[in-house]
Amino acid sequence: MERASSLLLLLLPLVHVSATTPEPCELDDEDFRCVCNFSEPQPDWSEAFQCVSAVEVEIRVGGLSLEPFLTRVDADADPRQYADTVKALRVRRLTVGAAQVPAQLLVGALRVLAYSRLQELTLEDLEITGTMPPRPVEATGLALSSLRLRNVSWATGRSWLAELQQWLKPGLKVLGIAQAHSPAFSCEQVRAFPALTSLDLSDNPGLGERGLIAALCPHKFPALQNLALRNTGMETPTGVCAALAAAGVQPHSLDLSHNSLRATANPSAPRCMWSSALNSLNLSFAGLKQVPKGLPAKLRVLDLSCNRLYRAPRPDELPEVDNLTLDGNPFLVPGTALPQEGSMNSGVVPACARSTLSVGVSGTLVLLQGARGFA
């Protein structure tokens with residue numbers, strides 16, 4: 001009994017250390033998902049080797065600069081020498097976040113990953129420093145189906161998308177750009193995205209309808225079917241219609257939720273004819289007190305949920321629609337009072353208020369769900 005007690009006393013310090021100093025990388029029991037959080041000032045980068053067998057890999061660097069790697073690796077080395085090793089990796093989805101990354105190092109990593117089976121790449125909370133080097137003629141592009149960027153800043157300003165695009169093969173299907181420091185691209189430098197079916201520009205509140213025209217480079221998205229513009233400073237559906245027409249974009253599905261929309265456009269603005277390709281329109285969480293004017297004449301899906309409608313829309317106010325959603329509007333909730341002038345009551349149904357908060361805290365979940373559905 002005494003020997004057992006002594007053994008427990010020896011193990012207690014080990015248990016304490018394990019609880020307070022967790023390993024930077026954790027691989028699940030199925031060897032499917034591996035997450036690394038290198039938050040120490042001088043992390044042991046070799047711990048990342050635990051992730052070589054994982055399909056999903058997430059690496060966060062705690063805001064550290066990766067510039068010291070330039071003295072330890074040759075970013076300009078021919079990656080073909082690593083091709084067989086990289087092809088053997090199982091990784092299909094990779095997330096890199098919270099770091100300062102020299103552009104030369106980013107390019108070196110993209111060149112190596114071009115020999116992998118990576119399908120989805122997510123970059124979050126990154127500062128890309130320096131200029132992107134030109135792509136060598138013999139370099140192989142990265143064959144991604146999905147690319148998502150959130151809060152990524154580029155030293156190259158508006159030309160960043162064109163410079164990043166040269167390292168990608170043209171088969172990209174899903175592109176998400178959130179919290180962009182420069183959401184307007186250098187359209188004369190951007191090449192077409194011939195296979196892109198889903199574009200998500202949500203969570204760029206400063207974009208606005210004028211910025212949308214600059215972001216939707218004309219004739220660069222010929223296959224676009226799904227366009228998400230949640231929380232992007234849009235003002236009226238008619239203004240968005242005009243921006244889409246100016247850019248030559250004809251999506252099948254348009255998400256304008258979580259914008260403070262007005263029901264009517266400027267009376268002096270010309271009437272906009274929606275593309276006949278549009279069959280699904282999401283106007284939920286838009287603060288609407290009446291159905292907006294100038295909607296498409298026919299829709300398969302119209303979502304007006306969680307607005308501030310205090311009466312049921314009349315048939316002449318609605319387009320011809322197969323699937324209409326009005327849930328969460330005050331006229332459907334017994335006991336919901338009309339807000340008085342100057343009162344603190346916003347007129348938002350409590351359930352919708354909770355949903356608005358959850359979306360604001362984590363729009364990433366919506367992005368992932370939508371993008372996977374589009375892929």
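What share of the 375 residues of the chain counts as buried? I began with this question and found that 44% count as buried. I note here that the model is predicted.

**Entry 1: the chain as a whole**

I looked up the secondary structure and recorded 8 helices and 13 strands. I then turned to contacts between residues at least 6 apart in sequence, and 70% of these join residues at least 24 apart.

**Entry 2: strand β6**

I chose strand β6, residues 146–154, and asked how many of its 9 residues are buried. The count is 8, and I entered the strand as mostly covered. On the topic of side chains I reminded myself that, in a regular strand, they alternate between the two faces of the sheet.

I next looked up the partners of β6. Strand β5, residues 120–129, pairs with β6 in the parallel sense, over 8 bridges. Within this pairing, L121 has L147 of β6 as its bridge partner. Strand β7, residues 174–178, also runs parallel to β6, and 5 bridges join the two. Here S146 has V174 of β7 as its bridge partner. I followed the path from β6 to β7 and met helix α4, residues 160–165; together β6, α4 and β7 make a right-handed β-α-β unit.

**Entry 3: helix α3**

Which residues of α3 are buried? I listed A103, L105, L106, V107, G108, L110, R111 and L113. These are 8 of the 11 residues of the helix, which spans 103–113 and is mostly covered. I reminded myself that an α-helix has 3.6 residues a turn, so residues three or four places apart point the same way. I also looked up what the buried residues of α3 pack against, and found β4 (93–102), β5, β6 and α4.

**Entry 4: the largest pocket**

I recorded about 1500 Å³ of space in the largest pocket. Of the 41 residues that line this pocket, I59, F69, A109, V112 and L113 are the closest to its centre. The elements that give two or more residues to the lining are β3 (56–65), α2 (83–87), β4, α3 and β5. Which element gives the largest share of this lining? Helix α3 does, with 8 residues. By kind, the lining residues of the largest pocket divide into 33 nonpolar, 3 polar and 5 charged.

**Entry 5: the cavities**

I counted 2 cavities of 30 Å³ or more. The second largest has a volume of about 40 Å³. Its lining consists of D78, P79, R80, R111, Y115, E138, A139 and T140. I sorted the lining of this second largest cavity into 3 nonpolar, 1 polar and 4 charged residues. R111, one of these lining residues, is also among the buried residues of α3.

**Entry 6: two residues with positive phi**

Most residues other than glycine have a negative phi. I therefore noted two residues that have a positive value. H219 has a phi near 65 degrees, and its place is in the loop between α5 (208–215) and β9 (226–228). C306 has a phi of about 55 degrees and lies in the loop between β12 (298–303) and β13 (320–325).

Is H219 buried or exposed? H219 is exposed, because its relative accessible area of 65% is over the 50% cut-off. Is C306 buried or exposed? C306 is buried, because its relative accessible area of 16% is under the 20% cut-off.

Conventions
Residues numbered from 1 in each chain as written. Predicted model: local features only at pLDDT ≥ 70, side-chain atom pairs only at ≥ 80, totals over all residues. Heavy atoms only, no water. Buried < 20%, exposed > 50% of the residue type's maximum accessible area, 1.4 Å probe, protein only. Helix = DSSP H or I, 4+ residues; strand = E, 2+ residues; numbered from the N terminus. Pairing = 2+ DSSP bridges. Right-handed = clockwise from strand over helix to strand, strands pointing away. Contact = heavy atoms within 4.5 Å. 1 Å grid on protein atoms, 1.4 Å probe; cavity = no way out; pocket = protein on both sides within 12 Å on 5 of 7 lines; lining within 4 Å. Points joined across faces, edges and corners; volume = space filled by probe spheres on them. Nonpolar A, V, L, I, M, F, W, Y, C, P; charged D, E, K, R; others polar.
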